[in-house]
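Please study the sequence and the three-dimensional structure shown here. The explanation that follows moves through the structure step by step.

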Amino acid sequence: MAKKPGSREDAIPAIAEVFREYGYEGASLALIGARTGLGKGSLYHAFPGGKAEMAEAVLDAIGGWFEARIYAPLRDDPDPGAAIRLMLSETDAYFRSGRRVCLVGAFALTEGRDGFADRIGGYFRDWREALAQALIRAGRPAAEAESLAEDAVLAIQGGLVLARALDDPALFGRMLARLEERLVPV
């Protein structure tokens, strides 16, 4: 069965961008409705749990994208170097070379964090663990791999903040290039 225009799935990317721009607390139903083209009634029909359900749907979409494009290749690709390079490339594309805020990270910094704490923590744990697995397959000792993976996720998140704060998207690219040098086996 084909989905209807204005469906829940169609609304999720627009809702994500409203959360990205205004934060969870600042994302009013009026702003979400304006961006999605859906009235309040349609929004509540698609998301009976209101804004919290919208945020869960957005986190599901982000989680699905990262699982397919970042975590699974890091865990499963027989060439860990290729998987790590793919992670860096997909990360650059997803965050639009440092021009796009990490929505999961933004949720982690808001008052609404506690409502999504498990999801937020899982996103960062999954990334760190998948990268550590690739590094171990590449021949790094487990403790070193875990430390490097944690440093990489920290660098990516910090790079996003710094690139935005300084209005210097090239900074994010430079950070990713340095990460590649540290992470990819020669």
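**A Walk Through the Helices**

Leaving out residues up to four places away in sequence, Q157 touches C102, G105, Y123, F124 and W127. The model in which these contacts are found is a predicted one. Q157 belongs to helix α8, which covers residues 142–165. Is Q157 buried or exposed? Its relative accessibility is 17%, and because buried means under 20% relative accessible area, Q157 counts as buried.

One of the contacts of Q157 is W127, and this tryptophan is a useful next stop. Not counting residues up to four places away in sequence, W127 touches F66, I70, Y71, L74, M87, T91, F95, V153, I156 and Q157. W127 also has a place in the largest nonpolar core, which contains 58 residues. Which members of this core touch the most other members? They are F19, L74, F95 and W127. Helix α4 gives the most to this core, with 10 residues.

The next topic is the way in which helices pack against one another. Helix α4, residues 50–76, packs with helix α7, residues 117–137, at an angle of about 10°, and their axes are 9 Å apart. Angles under 35 degrees count as roughly parallel, and therefore α4 is described as roughly parallel to α7. On the side of α4, the contact is made by E56, L59, D60, I62, F66, I70, Y71, P73, L74, R75 and D76. On the side of α7, the residues are R119, Y123, D126, W127, A130, L131, Q133, A134 and R137. Sorted by class, this contact of α4 with α7 has 12 nonpolar, 1 polar and 7 charged residues.

A second pair of helices offers a contrast in direction. Helix α5, residues 80–94, and helix α9 pack at an angle of about 170°, with axes 10 Å apart. Because angles over 145 degrees count as roughly antiparallel, α5 and α9 are roughly antiparallel to each other. Helix α5 contributes I84, R85, M87, L88, T91 and D92 to the contact, while α9 contributes F172, L176, L179, E180 and L183. The classes here are 7 nonpolar, 1 polar and 3 charged residues.

Helix α9 spans residues 169–183, and the loop between α8 and α9 holds D167. This aspartate has a positive phi of about 50°, although it is not a glycine. How accessible is D167, and in which class does it fall: buried or exposed? With 67% relative accessibility, D167 counts as exposed.

Helix α8 deserves a further look, for A143 and A145 are both found in it. A143 lies in helix α8 and, at 60% relative accessibility, counts as exposed. Its C-alpha atom is separated by 9.0 Å from that of A132, and these two residues are 11 residues apart along the chain. A145 also lies in helix α8, but A145 has 0% relative accessibility and counts as buried. Apart from neighbours within four places in sequence, A145 is in contact with A132, L135, I136 and R140. The C-alpha atoms of A145 and R128 are separated by 9.5 Å, with their positions 17 residues apart along the chain.

Attention now turns to the earlier part of the chain. R20 has its place in helix α1, residues 8–26. R20 has a relative accessible area of 10%, so this arginine is buried. Beyond residues up to four places away in sequence, R20 touches Y94, R100, V101, C102 and L103. C102 is also among the residues touched by Q157.

A record adds one annotation to this part of the chain. UniProt, in an unreviewed entry, places the feature "DNA-binding region" at residues 28–47. Over residues 28–47 the chain is 75% helix and 0% strand, and the C-alpha atoms at the two ends are 14 Å apart.

The last stop is E53, which lies in helix α4. With a relative accessible area of 23%, E53 is partly exposed. Not counting residues up to four places away in sequence, E53 touches R8, A46, F47 and P48. How far apart are E53 and W127 in space? From C-alpha to C-alpha they are 24 Å apart, and in sequence they are 74 residues apart.

Note on methods. Residues numbered from 1 in each chain as written. Predicted model: local features only at pLDDT ≥ 70, side-chain atom pairs only at ≥ 80, totals over all residues. Heavy atoms only, no water. Helix = DSSP H or I, 4+ residues; strand = E, 2+ residues; numbered from the N terminus. Buried < 20%, exposed > 50% of the residue type's maximum accessible area, 1.4 Å probe, protein only. Contact = heavy atoms within 4.5 Å. Axes fitted to C-alpha atoms, helices over the stretch in contact; angles between N-to-C directions. Parallel < 35°, antiparallel > 145°, perpendicular 65-115°, else oblique. Nonpolar A, V, L, I, M, F, W, Y, C, P; charged D, E, K, R; others polar. UniProt positions renumbered as here; feature names shortened; annotations may be inferred. Core = buried A, V, L, I, M, F, W, Y, C linked by side-chain atoms within 4.5 Å.
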